[in-house]
Structures are given as C-alpha cells and as structure tokens.
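Q: Hi! Could you walk me through some helix packing in this one?
A: Happy to, let's pull it up.

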Amino acid sequence: MKHSRVSAILFLMLAVALVVSACGGGNSASPEPSSSGSAGASPSATAADKEPVTLKISSWNPLSQKVIDKFEETYPYITVEPDQIADQYREVIRTRVVSKADMDIVWMFPNQMREYVDQDVLMDMSNEAWKGNYLESAVQLGTVDGKTYGVPYNYYAVVIFYNRDVFRDLGLEVPTSWEELLDVSEKIKASGLSPFVTGGKDAWATQFMSSGQFGAYQHKDPLVFDKLASGEKKWTDPEFADFFGPLSELVDKGYFLENSVGLGNAQVVQVFKEGKAAMYPMGSWALDEFTEEFKEFEVGAFPIPLNKGGEPLVVNLISDNIFTGISWSKRQEEIKLFMEFIADPENAKLWSEDTKSAVTVVGGTSPTYHPIAAELTSSIESNISTIFPSLTPSMEPAYFPMLQQILLKQKPDLAKLMEEMQKAQEKDYK
C-alpha cells in the first residue's frame, strides 16, 4: 500500500472530530443503478460552443487518470486539473476555505462535513439522480440534516483475512454468525494452530473485533453516535454492555496466538503470512499485502460476523474521501457532470481497476482489481453495510488502552470499561 493511502486511512481511524450528523444506517438491498450515468454519453449539442473550463479536484490520494481521460473525451471543453495534496491536507483545505479560494470539487473527511455545511461551503446535491447508484450507507455518510452534500467514493471493509488452505484442510466453511466463528475457531485450535493473530503494540490495530460492533449499532439506530455525542445515549446503557464482549471472549478462549500481543502490525502480517495463525482481523486496505506474488497459501477475506442469534450480518465499511462540490465555484454545472459521470457503474469499474480499490457505486467495483475482490465485494453488497463512524475527540485516548488491557489478559471489568468510555464521551458533549 502506498504511504499516502496508509496515512489517510489511519488518520480516519484515529479521527478526533465530532461525529457527522445523520450519517449512519445500512442498506438491506442494493439499489438498482439509475439511468443517469454517463458511460455511453456523448458531448452535448452545445459543447462545441462552450468556453474552455478547468475543473479543479483536490484530494490526498491520486485520482483515476483513466476516468479523467474518459471524462475529458466526453466533455472536450472541460479540462480536469487534479490537485493532490500529500501533507497537511486538512489545514490546506481549511486555509483555502477561509480565503474562499478558487475551488471546485474537494475530497472531505467524513467528520469535516458538518463544519463546512454550517459555514455554507458545500453544494446541496440532494436532488441529483445519481445518488441512486450508490450504496445507501454511502449516501447517508454524505448527508447532514437531511440534505446530501456529497458521497464517499472509495471504501474499505472491516474483515477477517483467512488461510483458505487451513479452512479447506479442516473442512471449514466461512462463518456468517458469531456462533459459527466460535465453532470455526475451536476446530482450528483443536488442530494445533492458533485461530487468530493480532498485536497490541500498534494500538489502532487492536480495534476491529470490537469496533465492528459499530455497524450493528448504526443498523439499529442510524443516529446512535450523534446521540452518544450529545448525551442522549450513554455508553453505560444496556445496549452497549457487550461492546468489548467479542474480543474478551476470543481472548478468554485462548484463540489468539500466544505471546503476540507485543507485536506491531507489520510483524502480525508476517506471522500470518508464515502460517502461524489461520485468521487476521484488519481493514481491507491490507489486500495490498496479499498480491499475486504471495504464494505460501491462498488468502481469502470475509466480513467480521459479530451477529448473534439470527441477527443480520452487518458489514462495517470505512471511507475517508467524500466527493463534495464547493458552493461558490463558478463551475457548478461541470461539478454536477463529473459527479454524474463517476456514478455510472462502468466508469466506476474503470476507476476501481485503475486505483486498485473498491468503490461505493453498486456494481462498480472491478471484480479483477485484486484476486479476493470478487468474493469480498459480493459478500458486502449482499449484506447490510454501514460506514465506520468517527469518534469524538476524547474517545481515542481512552478506547485503545482498554483493548490493550483485554489482549494482555488483564481481565478488566467490562462494565467499568464502559464507565470509562462514558467519562471520555462526556468531555465532548455538544
């Protein structure tokens, strides 16, 4: 994975800004792509009469040049000017906003949305037909107070990477519920192999067996994290009592590789590649670790099944790049044309293949951008999905050390951990 992508994702995962309002929920069924896409579009009849226009798109990761080329062929009077900002992205954008610089389309972090909506910085795209081409959860992430101002484009999923060879040799099926995951783990342990490996040295990498629960909470109540941030709900409420339960149960049952808690994530990846554990929980950005050159065993990935007793499997997605239009741009029409263009599934597939990443356009993720892509995308789009929320400023310093306590087998009182979560949350009440 390129350093810029790692930095952007980790920045999101460790975000310390208020949760975006009205950005939760899931999609129980994938929407049908609308007819608004531009895959087969041709320049409008008046395109030849239009003055040349330069459309500026600011981002922290590279855009798809192939999609840009195709867009410029379709609209020859428009030249797209990518503006990649590798360092201090938030600060650069904030400075430009304050000065009302010449801006058109900007990638925003999800937890920046409310700030800029309140300042009337972003275009209202609520009535654009292309919204129907996206995962419902993606549209909701770009929606504030009932109005849509943008949509996240690339996404990553919280998954468990697994050793297909081990599963095949032991006759195991991919688990789709918590009970099935425990059964699979017990059989792997009985074979003499450790079911899981994770490390505690890199605190951010310890979160996935717990934070995967965010999706289930959002599915039940799309505004749950707004309510926690405002004090309407509390982490000590009964509905959150099992927040740390899954991770604690796996530790108590001895399903993690012994003496691995002191490892950093890079070391954990190497341990998994060496076949010392059958499963490795992580975000799907780690697909970059398992290219076609990796031959030791066949790797697969499945969403973390924290659902119990007939509950639906909710796939937790992470997105750090919401495409938004700037309200004072003089190129509003061209912004809408570009947003419509990238919402077309065929153009999205081109983007996905070119950038080697999944996209939130339904049917738009290339099945060949990675050997695991087809399997993982099918699982995500056939289940409910939610977008990973950001934590409020005081939560991160409290949250990660709690996970480390559990991994270190210190057997903390889980109810008291939730009390500590609430104390941290109260520092950030609106």
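Q: How do the axes of helix α2 and helix α14 cross, and how close do they come?
A: This is a predicted model, and in it the axes of α2 (residues 65-74) and α14 (residues 345-355) come within 8 Å, crossing at roughly 145 degrees.

Q: Which residues meet there?
A: From α2 you have Q65, K66, V67 and K70, and they meet N347, L350, W351 and D354 in α14.

Q: And by class, what does that contact have?
A: The contact of α2 with α14 has 3 charged, 3 nonpolar and 2 polar residues.

Q: Cool. Switching to α16 and α17: what's the angle there?
A: About 165 degrees, with the axes of α16 (residues 395-407) and α17 (residues 414-426) 8 Å apart. Angles over 145 count as roughly antiparallel, so that is how α16 and α17 run relative to each other.

Q: Left-handed or right-handed crossing?
A: Right-handed, as α16 passes α17. On the α16 side the contact is made by M395, A398, Y399, M402, Q405 and I406, and on the α17 side by L414, L417, E420, M421, A424 and Q425.

Q: How do those residues divide up?
A: Into 9 nonpolar, 2 polar and 1 charged for the contact of α16 with α17.

Q: Last thing, where is confidence lowest and where is it highest?
A: Lowest in helix α1 (residues 3-13), at a mean pLDDT of 45, and highest in helix α7 (residues 178-190), at 98. Over residues 1-45 the pLDDT is below 50, though this stretch has 131 contacts in the model beyond near neighbours in sequence.

Q: And the chain's mean?
A: The mean pLDDT is 86, with 88% of residues reaching 70 or more.

Methods: Residues numbered from 1 in each chain as written. Predicted model: local features only at pLDDT ≥ 70, side-chain atom pairs only at ≥ 80, totals over all residues. Heavy atoms only, no water. pLDDT = per-residue confidence, 0-100. Helix = DSSP H or I, 4+ residues; strand = E, 2+ residues; numbered from the N terminus. Contact = heavy atoms within 4.5 Å. Axes fitted to C-alpha atoms, helices over the stretch in contact; angles between N-to-C directions. Parallel < 35°, antiparallel > 145°, perpendicular 65-115°, else oblique. Left-handed = near helix turned anticlockwise from the far one by under 90°. Nonpolar A, V, L, I, M, F, W, Y, C, P; charged D, E, K, R; others polar.
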